[in-house]
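Visitor: Could you walk me through this one, starting wherever you like? I would like the cut-offs spelled out as we go.

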Amino acid sequence: MSTVNSSPPRDASAPTPGRRAESEAIYAAFSAGVVGAIYGLVVGVFAPDLQLAGEADSFAVWAACGAAVIAAIASTTEYWRARNRPGQEWRQSLPSWKYIVNTISVVIVHTALAFVAVYALYRVLAMGFIGLPIVTFWAVVLMAVTLGLTAWFVFLSVSSMTTQRMSSLLLAFIAIGTLTAMVTTPDPKWWTIHFSHLGTFEDDLSSWVFNGTLIAAGLLVTTFAVYIANDMRALAAEGVLENPRGPRIVPTLFVVMGIMLACVGIFPVDVNLALHNLSASGMAAMFLVLLIGGPNLLRGMPRTYFVASWAFLASMVVSVILFIPAIGFFSLTAFEIIVFALIFGWIAVFIRFLGVAGRHD
């Protein structure tokens, strides 16, 4: 007896944005472009000859703020509307509080990602156009293009959100946020201390970016867990996943991991060392539980997934051994970055295999 038709749609079969969504995204981009042109005119008139980047009051900051506002409006509007789109109907059955939390986290991440991505882009451009002032004409053009593209990308991103798309969003957000914090930090020797040192510079943009990235990413992981739960329930209903407790336990572990990740940013190392370390250790512990408990909780997943998981676990063990003082091959910064990369690398692998579990093509 098959229950495929009665189960929620799985990520692997979720549709890409349809013609209507693509058309609406273009109209949203046009509208945002017009707003961007007006915004650029105001910036150009009242703040003439801005530098492209490198100053607290630079064109990069103004553009990033404008992109963040557009991203917030576009993601809020479309994520709310998209619950009626094909493949997204299951979100209508979520409890109101959970749906609101999910919407808030998706909006925050898209807003923060737009700010960081635009700011980082203009910082890179400034390296190629050193000392270039932005006159009013170029302020209008650049702002129109920046806000228009932001609306387009964000609209399409949230119009048909899937587990795999959310995992890609999470990885991109983490990578861009941390790299931006690294290149903008006031201490070029931060890496000689530890990774969390990036979040210790009070009132500096780099620390706001670093800590904000961790907090927003933690919120996204909690939303991510809702999508994982939906996919795992469908797989359990199809008989692919054999442990009925898996669809409850695995998403719960992801929620705890997300809360711990957010707390790492909420409690920087210079604010509360004990809570910071506890949060970081808790996130690593959830990762280990997911790896070690995988053969039981995720019984039915492809064999290659478990081979990959054991490889991640072995890498974690080797990293710990190389970090201990008796060996001291890794510095604290290197160890933190490696563990961070292992956790999010495993998440990407897990989601990819979750999307193809039960398929024989």
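**A surface patch and the contacts beneath**

Guide: Leu-41 lies in helix H1, where helices (H or I, at least four residues) and strands (E, at least two) are DSSP runs numbered from the N terminus. This is a predicted model, in which local features need pLDDT of at least 70 and side-chain atom pairs count only at pLDDT 80 or more, while totals for chains, interfaces and linings use all residues. Residues are numbered from 1 along each chain as its sequence is written, and side-chain values use heavy atoms, with hydrogens and water left out.

Visitor: Is Leu-41 buried or exposed, or something in between?

Guide: Leu-41 counts as partly exposed, because its relative accessibility is 43%; buried means under 20% relative accessible area, exposed means over 50%, and partly exposed is in between (1.4 Å probe, protein chains only).

Visitor: Which residues make the nonpolar surface patch?

Guide: The patch of about 610 Å² is made by Val-34, Ile-38, Leu-41, Val-42, Val-45 and Phe-46. Patches are made of residues with over 30% relative accessible area and no salt bridge, with like charges joined within 9 Å and nonpolar side chains (Val, Leu, Ile, Met, Phe, Trp, Tyr) joined within 5 Å. The accessible areas come from the Shrake-Rupley method with a 1.4 Å probe, and for residues only the protein chains shown count as cover.

Visitor: Changing topic, how many salt bridges does a search of the whole structure find?

Guide: The search finds three, a salt bridge being a side-chain nitrogen of Lys or Arg within 4 Å of a carboxyl oxygen of Asp or Glu. One of them joins Glu-24 to Arg-81, with the closest N and O atoms 3.2 Å apart. That pair links distant parts of the chain, since Glu-24 is in helix H1 (residues 19–46) and Arg-81 is in helix H2 (residues 59–81), 57 residues apart.

Visitor: What else does Arg-81 meet in a salt bridge?

Guide: The side chain of Arg-81 also meets that of Glu-78, at 2.7 Å from N to O. Both residues lie in helix H2, three residues apart, which is about one turn of the helix. Glu-24, Glu-78 and Arg-81 are thus linked in a network of salt bridges.

Visitor: How accessible are the members of that network?

Guide: Glu-78 counts as buried because its relative accessibility is 0%, and Glu-24 is buried as well, at 18%. Arg-81, at 32%, counts as partly exposed.

Visitor: And what about Glu-242, which residue does its side chain meet?

Guide: Glu-242 meets Arg-299 in a salt bridge of 3.3 Å, N to O. This pair too links distant parts of the chain, with Glu-242 in the loop between H6 and H7 and Arg-299 in the loop between helix H9 (294–297) and H10, 57 residues apart. Glu-242 counts as partly exposed at 49%, and Arg-299 counts as partly exposed at 33%.

Visitor: On to the interior, which residues have the most contacts inside the largest nonpolar core?

Guide: They are Phe-254, Met-301, Trp-346 and Phe-350, in a core of 68 residues. A nonpolar core is a set of buried Ala, Val, Leu, Ile, Met, Phe, Trp, Tyr and Cys residues joined through side-chain atoms within 4.5 Å.

Visitor: Which helix gives the largest share of this core?

Guide: H6 does, with 14 residues. There is also a second, separate core of 26 residues, which includes Ala-60, Ala-64, Met-143 and Leu-147.

Visitor: Back to Phe-254, what does it touch?

Guide: Not counting residues up to four places away in sequence, Phe-254 touches Val-221, Phe-224, Ala-225, Ile-228, Leu-290, Trp-346, Ile-347 and Phe-350; contact means heavy atoms within 4.5 Å.

Visitor: Where is Gly-148 placed, then?

Guide: Gly-148 is in helix H4 (residues 136–159), and at 9% relative accessibility it counts as buried. Leaving aside neighbours within four places in sequence, Gly-148 is in contact with Ala-29, Ala-32 and Gly-33.

Visitor: Last one, how many disulfides does the structure hold?

Guide: It holds zero, a disulfide being a pair of cysteine sulfur atoms within 2.5 Å. As for individual cysteines, Cys-65 is partly exposed at 34%, whereas Cys-263 counts as buried at 16%.
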